[in-house]
Amino acid sequence: MKCDELADWIHPFVDGELDLARGQAIEQHLEACAACRAAVDKIQNLKRALAEPPHYYRAPETLHDRVRASLRSNSRKRAEKHDIPWRSLAIAASFVCVAVLSWGTFQRSRSPSADERIAQQIVASHVRSLMLPGRDVDVASSDQHTVKPWFNGRLTFAPPVKKLDDANFELIGGRLDFLDRQKVAALVYKRRAHVINLFVWPTADPFASPPRTLKMDGYSIVHWSDGDLTFWAVSDLNEGELREFVDLIGK
Amino acid sequence: MREAAEAERFERMILPHLDAAYNLARWLTRNNHDAEDVVQEACMRAQKFFGGFHGDDGRAWLIKIVRNTCYTWLERNRPRTAEIDFDEDKHSEANPGAGPLSEAQRREEQSLIHRALERLNPEYREAIVLRDLDGFSYKEIADIAGVPLGTVMSRIARAREQLEKALAGHKSEETNREM
């Protein structure tokens, strides 16, 4: 191994991240090269300096107490509300194939086929809402202060409802829908003759994800998550304008 | 009761990592008050989603939530002025590999590294904090920060280069002063 090749791998080498073969090649080189040895020493000294106590902020005792207290009160509150995921899973299991599959592990991100399955349901719901009269909204209003509270008591979460008239997206209203094995909110907007259905429901994992686009049966679909809620927007509007809509919703 | 068992599992898997959570939050938000608020919010979100966590290592999972909560917090709230909270009185072990530095010199170098770390941009700072202060692996850091392994490697390399530069800059000032 030459010095300039070693320079590419010097940090993962010092951090113990290299495979055996490369690690050994570097060790051999170091035996004969004082310059590279000095470079390695420099990094090791820096790491040792960073490991010293003044740089590490330990959680104050008050924070330990605060967190423990709020976790205990939260779990008590949820036990009282019977709003515990594992309990509702047990109940759901007796009716439908349970949503356990949608609770991803930390390592596993949602597979493209799961996204496709949801996209199919999204398109189906969108098309149905356009086909049958009165199927598009349960609450017809262009006032977000009418639409948003309508969901209280009908859903366990509060979907954000924005008025986007200034940007030429007219709020038509909202309705309840059923997607991915749960009750979701559907918000209906219109630009020119194009209807946009925006579906909102609570996320299965707490990690935000940026907007992703897909096309299905000629419809444009954009979906994203803010870590609390997952959003799916579908329309026959062109992708550029749908993205415009998504940006305004996401702000 | 299932709930009690889950609550106990949560406390066992997550609470031991409160220090790592606070350390990262403090380095990213740069003041105690915000760091505490962020950690509390992150723990509540972790509790909410704990039913979906089936791994063995709660530490990386919790830290990822803390990191995301930090960045959301920083976007939403105007950050308070950064506190320079370097505690010089914290006892530190003598560095066995170091030369014969005086106590004052060593303290000054520590303070320098601390300030240099504070001045790194957030992506570099978080890479060094996660790697050299909390000992996460490159793969764990890639998962936590949501970037590829190669990006983690280059962030760590660049961050260390910048820290070395800050130290070297000071040392040359020192020698100039002595001359």
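Both Lys47(A) and Asp132(B) are buried, and their side chains meet in a salt bridge with an N to O distance of 2.9 Å. This pair crosses between chains, running from helix 3 of chain A to helix 6 (residues 122–133) of chain B. The model described here is a predicted one, and this pair of residues makes a convenient place to begin a tour of it.

Lys47(A) has another partner as well. A salt bridge also links Lys47(A) with Asp15(A), where the closest N and O atoms are 2.5 Å apart. Here the two residues belong to distant parts of one chain: Lys47(A) sits in helix 3 (residues 34–50) of chain A, whereas Asp15(A) sits in the loop between helix 1 (3–14) and helix 2 (20–32), 32 residues apart. Asp15(A) is buried, and so is Lys47(A).

A further bridge between the chains is formed by the side chains of Arg58(A) and Asp19(B), at 3.2 Å from N to O. Arg58(A) lies in the loop between helix 3 and helix 4 (61–81) of chain A and Asp19(B) in helix 2 (residues 18–29) of chain B, so this pair joins two chains. Are these two partners buried or exposed? Arg58(A) counts as exposed because its relative accessibility is 57%, and exposed residues are those over 50%. Asp19(B), at 18%, falls under the 20% limit and therefore counts as buried. Returning to Lys47(A), salt bridges that share partners tie Asp15(A), Glu17(A), Lys47(A), Arg131(B), Asp132(B) and Arg160(B) into one network. Over all chains, the count of salt bridges comes to 24.

The wider interface can now be described. The size of an interface is often given as the accessible area lost when the parts come together. Between chain B and chain A, the buried area is about 5,400 Å², and carbon and sulfur atoms give 58% of it. In terms of residues, 63 from chain B are in contact with 52 from chain A. Nine salt bridges are found across this interface, and one between the two chains pairs Arg66(A) with Asp37(B), with the closest N and O atoms 2.8 Å apart. The interface also has 22 residue pairs in polar contact.

Which helices of chain B supply at least two residues each to the side that touches chain A? They are helix 1 (2–14), helix 2, helix 3 (32–49), helix 4 (58–76), helix 5 (103–119), helix 6, helix 7 (138–145) and helix 8 (149–178). Helix 3 of chain B gives the most, with ten residues. By class, this side of chain B has 27 nonpolar, 13 polar and 23 charged residues.

Two residues of chain A give a closer view of such contacts. Ser70(A), in helix 4 of chain A, is buried, with a relative accessible area of 11%. Apart from residues up to four places away in sequence, Ser70(A) touches Gln40(B) and Met44(B). Trp9(A), in helix 1 of chain A, is partly exposed, with a relative accessible area of 23%. Beyond its neighbours within four places in sequence, Trp9(A) is in contact with Leu18(A), Arg22(A), Ile26(A) and Met153(B). Along the chain, Trp9(A) and Arg22(A) are 13 residues apart, and their C-alpha atoms are separated by 8.8 Å.

Attention turns next to the nonpolar interior. In soluble globular proteins, nonpolar side chains tend to be buried together. The largest nonpolar core holds 63 residues, of which Leu50(A), Val39(B), Trp61(B), Ile63(B), Val66(B), Leu117(B) and Leu163(B) touch the most other members. Helix 4 of chain B gives the most to this core, with nine residues. For Val66(B), the contacts outside its neighbours within four places in sequence are Ala21(B), Leu24(B), Ala25(B), Val38(B) and Ala42(B). A second, separate core of 40 residues includes Val123(A), Val200(A), Leu229(A) and Leu242(A).

Helix 6 of chain B, home to Asp132(B), closes the tour. This helix is mostly covered, with ten of its twelve residues buried; among them are Tyr124(B), Ile128(B), Arg131(B) and Leu133(B). At the N-terminal end of helix 6, Asn121(B) acts as a cap, with a side-chain oxygen 3.1 Å from the backbone nitrogen of Glu123(B). Gly135(B) follows the helix, and its phi is positive, near 70 degrees.

Terms used
Residues are numbered from 1 along each chain as its sequence is written. Chains are lettered from A and ligands numbered from 1 in the order in which they are written. This is a predicted model: local features need pLDDT of at least 70, side-chain atom pairs count only at pLDDT 80 or more; totals for chains, interfaces and linings use all residues. Side-chain values use heavy atoms; hydrogens and water are left out. A salt bridge is a side-chain nitrogen of Lys or Arg within 4 Å of a carboxyl oxygen of Asp or Glu. Helices (H or I, at least four residues) and strands (E, at least two) are DSSP runs, numbered from the N terminus. Buried means under 20% relative accessible area, exposed over 50%, partly exposed in between (1.4 Å probe, protein chains only). Contact means heavy atoms within 4.5 Å. Buried area is the accessible area (1.4 Å probe) that two parts lose on being put together, summed over both. A polar contact is a pair of N or O atoms within 3.5 Å; within protein, one must be able to donate a hydrogen and the other to accept it, and residues adjacent in sequence count only if both atoms are side-chain atoms. Ala, Val, Leu, Ile, Met, Phe, Trp, Tyr, Cys and Pro count as nonpolar, Asp, Glu, Lys and Arg as charged, and the others, Gly among them, as polar. A nonpolar core is a set of buried Ala, Val, Leu, Ile, Met, Phe, Trp, Tyr and Cys residues joined through side-chain atoms within 4.5 Å.
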